Amino acid sequence: MAKAAKGGRQKHVPLRTCIACRETRPKRELLRIVRTPEGRVLLDPTSKKSGRGAYLCARYSCWQKALKVKKAGDRCLLEHEFELSLSAEDRAALEEYLATLPREEQPPTGLARPVTT
């Protein structure tokens, strides 16, 4: 281990994929949502709770996409990932966290050109 600390070998950085945007990022940059053995779906800030986990970026758009139901009768992305229906209580807790995330500014749709006179 002393060699690794002195720069002999790079430390392994675990990577995970956001289920919404499909970007691969270091595990510590993503937020883990877990389906507990009891069937609850919870935010897992420590990434140590037991159960099936899924990862999301800390971006409003990813959380919105993960909780959005596209058509009546469909499941949201998290429900599909965990193969269960979110309880009203679990959905409310996740949407409460979504409300704390800053909204992203939309990029301009047209090309910006400098005005020349």
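Here is a walk through the fold, one strand pair, one helix and two pockets at a time.

Keep in mind that this is a predicted model. The protein has four helices and five strands, and if you read along the sequence you get the pattern α-β-β-β-β-β-α-α-α. Of the 117 residues in the protein, 26% are buried. Contacts reach a fair way along the chain too: take those with a separation of 6 or more, and 47% of them come from residues 24 or more positions apart.

A good place to start is strand S3, residues 31-35. Four of its five residues are buried, so S3 is largely enclosed by the rest of the structure. S3 has two strand partners to look at. With S4 (residues 41-44), S3 pairs in the antiparallel sense over four bridges. You can pick out the register from individual residues: Val34 stands opposite Leu42 in S4, and Ile33 has Leu43 as its bridge partner in S4. Between these two strands the hairpin has five residues, and Gly39 takes a positive phi near 95 degrees there. The other partner is S5, which runs antiparallel to S3 and is joined to it by five bridges. Here, Leu31 stands opposite Leu56 in S5.

Now move on to helix H2, residues 60-67. Which of its residues are buried? They are Tyr60, Cys62, Trp63, Ala66 and Leu67. Look down the axis of H2 and these buried residues fall within an arc of 165 degrees, so they line one face of the helix. As for what lies over them, the cover includes S3 and S4, along with strand S5 (52-56), helix H3 (77-82) and helix H4 (88-100).

Trp63 deserves a closer look. This residue sits in helix H2, and its relative accessible area is 0%. Because buried means under 20% relative accessible area, Trp63 counts as buried. Leaving out residues up to four places away in sequence, Trp63 touches Leu31, Ile33, Leu43, Leu56, Cys57, Ala58, Leu94, Tyr97, Leu98 and Leu101. Some of those names have come up already: Leu31 and Leu56 stand opposite each other, while Ile33 and Leu43 are bridge partners. There is also a long hop in sequence to Ala20, which is 43 residues from Trp63 along the chain, with 7.5 Å separating the two C-alpha atoms.

For a contrast, try Arg28, in the loop between strand S2 (24-26) and S3. Arg28 counts as exposed, at 84% relative accessibility. The C-alpha atoms of Arg28 and Thr46 are separated by 9.7 Å, with their positions 18 residues apart along the chain.

Arg28 and Thr46 turn up again at the largest pocket. Together with Pro14, Lys27 and Ser47, they lie nearest its centre, out of 13 residues that line it. About 270 Å³ of space lies in this pocket. What mix of residues makes up the lining? There are six nonpolar, two polar and five charged.

The second largest pocket holds about 150 Å³ of space. Its lining is Lys65, Lys68, Lys70, Asp74, Arg75, Cys76 and Leu77. By class, that comes to two nonpolar, no polar and five charged residues. Two of these names tie back to the helices: Lys65 falls in the range of H2, residues 60-67, and Leu77 falls in the range of H3, 77-82.

Methods
Residues are numbered from 1 along each chain as its sequence is written. This is a predicted model: local features need pLDDT of at least 70, side-chain atom pairs count only at pLDDT 80 or more; totals for chains, interfaces and linings use all residues. Side-chain values use heavy atoms; hydrogens and water are left out. On a 1 Å grid over the protein atoms alone, a cavity is a set of points where a 1.4 Å probe fits but cannot get out, and a pocket is an open set with protein on both sides within 12 Å along at least five of seven lines; lining residues have an atom within 4 Å of a point. Grid points are joined across faces, edges and corners, and a volume is the space filled by probe spheres set on the points. Ala, Val, Leu, Ile, Met, Phe, Trp, Tyr, Cys and Pro count as nonpolar, Asp, Glu, Lys and Arg as charged, and the others, Gly among them, as polar. Two strands pair if DSSP finds at least two bridges between them. Buried means under 20% relative accessible area, exposed over 50%, partly exposed in between (1.4 Å probe, protein chains only). The arc is that of the directions from the helix axis to the C-beta atoms. Contact means heavy atoms within 4.5 Å.
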